[in-house]
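User: I've got this one open on my screen and I'd like to go through the labels with you. Can you walk me through how each one is earned?

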Amino acid sequence: MESKTPEDRREHLRQKELKKNPTGTLNDSINRGESGSLSDVAGGLGWKGTGIGILVLIIGYVLYKLIF
């Protein structure tokens, strides 16, 4: 049996939900398009990209506090 990655499993579950409830997920997709989804961003970057993003935010905050 094939071992699916977590991303593949999430996508498969999302596709099943879309088929099961198309009108409910339409509203979710409209709202997500306006505000974005942090889990989509973090999932797309992977753990290294997410870690680098958090590190950049922390360093930026420290520099901001030192300057201002």
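User: What makes Glu-7 count as partly exposed?

Analyst: Its relative accessibility is 42%. Buried means under 20% and exposed means over 50%, so Glu-7 lands in between and gets the middle label. One thing to keep in mind: this is a predicted model.

User: How do you know that Glu-7 and Arg-10 meet in a salt bridge?

Analyst: The N to O distance between their side chains is 3.8 Å. The cut-off is within 4 Å, for a side-chain nitrogen of Lys or Arg and a carboxyl oxygen of Asp or Glu, so this pair qualifies. As for the general idea, side chains of opposite charge can pair when their charged atoms come close.

User: Where do those two sit relative to each other in helix H1?

Analyst: Glu-7 and Arg-10 are three residues apart in H1, which covers residues 6-20, so about one helical turn separates them. Arg-10 is partly exposed too, with a relative accessible area of 47%.

User: How many salt bridges turn up in the whole structure?

Analyst: Two. Besides the one just discussed, the side chains of Glu-11 and Arg-14 meet at 3.0 Å, N to O, which is again within 4 Å. Glu-11 and Arg-14 are also three residues apart in helix H1, with about one helical turn between them. Both are partly exposed: Glu-11 is at 35% relative accessibility and Arg-14 is at 42%.

User: Why is the pair of Tyr-64 and Phe-68 called tilted?

Analyst: By the ring rule, there is one aromatic pair. The ring centres of Tyr-64 and Phe-68 are 5.2 Å apart, and the limit for pairing is 6.5 Å. Their planes sit at 50 degrees; stacked needs under 30 and edge-to-face needs over 60, so tilted is what remains.

User: Are those rings' residues exposed or partly exposed?

Analyst: One of each. Tyr-64, at 48% relative accessibility, is partly exposed. Phe-68 is at 71%, which is over 50%, so Phe-68 counts as exposed.

User: What makes Ile-54 eligible for the nonpolar surface patch?

Analyst: Patch residues need over 30% relative accessible area, and Ile-54 has 46% relative accessibility, so Ile-54 clears that bar while still counting as partly exposed. Ile-54 is found in helix H3, residues 38-67. The patch also includes Leu-55, Ile-58, Tyr-64 and Phe-68, among others, and its members have about 1200 Å² of accessible area together.

User: How much of the whole protein is buried, and what does the protein expose?

Analyst: Buried residues make up 3% of the 68 residues. The protein exposes about 6300 Å², and carbon and sulfur atoms supply 64% of that.

User: Which elements make up the fold, and where is confidence lowest and highest?

Analyst: You're looking at three helices and zero strands, running α-α-α from the N terminus on. Confidence is lowest in helix H2, residues 22-35, at a mean of 64, and highest in H3, at 84. The mean pLDDT of the protein is 78, with 62% of its residues reaching 70 or more.

Notes. Residues are numbered from 1 along each chain as its sequence is written. This is a predicted model: local features need pLDDT of at least 70, side-chain atom pairs count only at pLDDT 80 or more; totals for chains, interfaces and linings use all residues. Side-chain values use heavy atoms; hydrogens and water are left out. Patches are made of residues with over 30% relative accessible area and no salt bridge: like charges are joined within 9 Å, nonpolar side chains (Val, Leu, Ile, Met, Phe, Trp, Tyr) within 5 Å. Accessible areas come from the Shrake-Rupley method with a 1.4 Å probe; for residues, only the protein chains shown count as cover. Helices (H or I, at least four residues) and strands (E, at least two) are DSSP runs, numbered from the N terminus. Buried means under 20% relative accessible area, exposed over 50%, partly exposed in between (1.4 Å probe, protein chains only). Rings of Phe, Tyr and Trp (its six-membered ring) pair if their centres lie within 6.5 Å; planes under 30 degrees apart count as stacked, over 60 as edge-to-face and the rest as tilted. pLDDT is the predictor's confidence in each residue, from 0 to 100.
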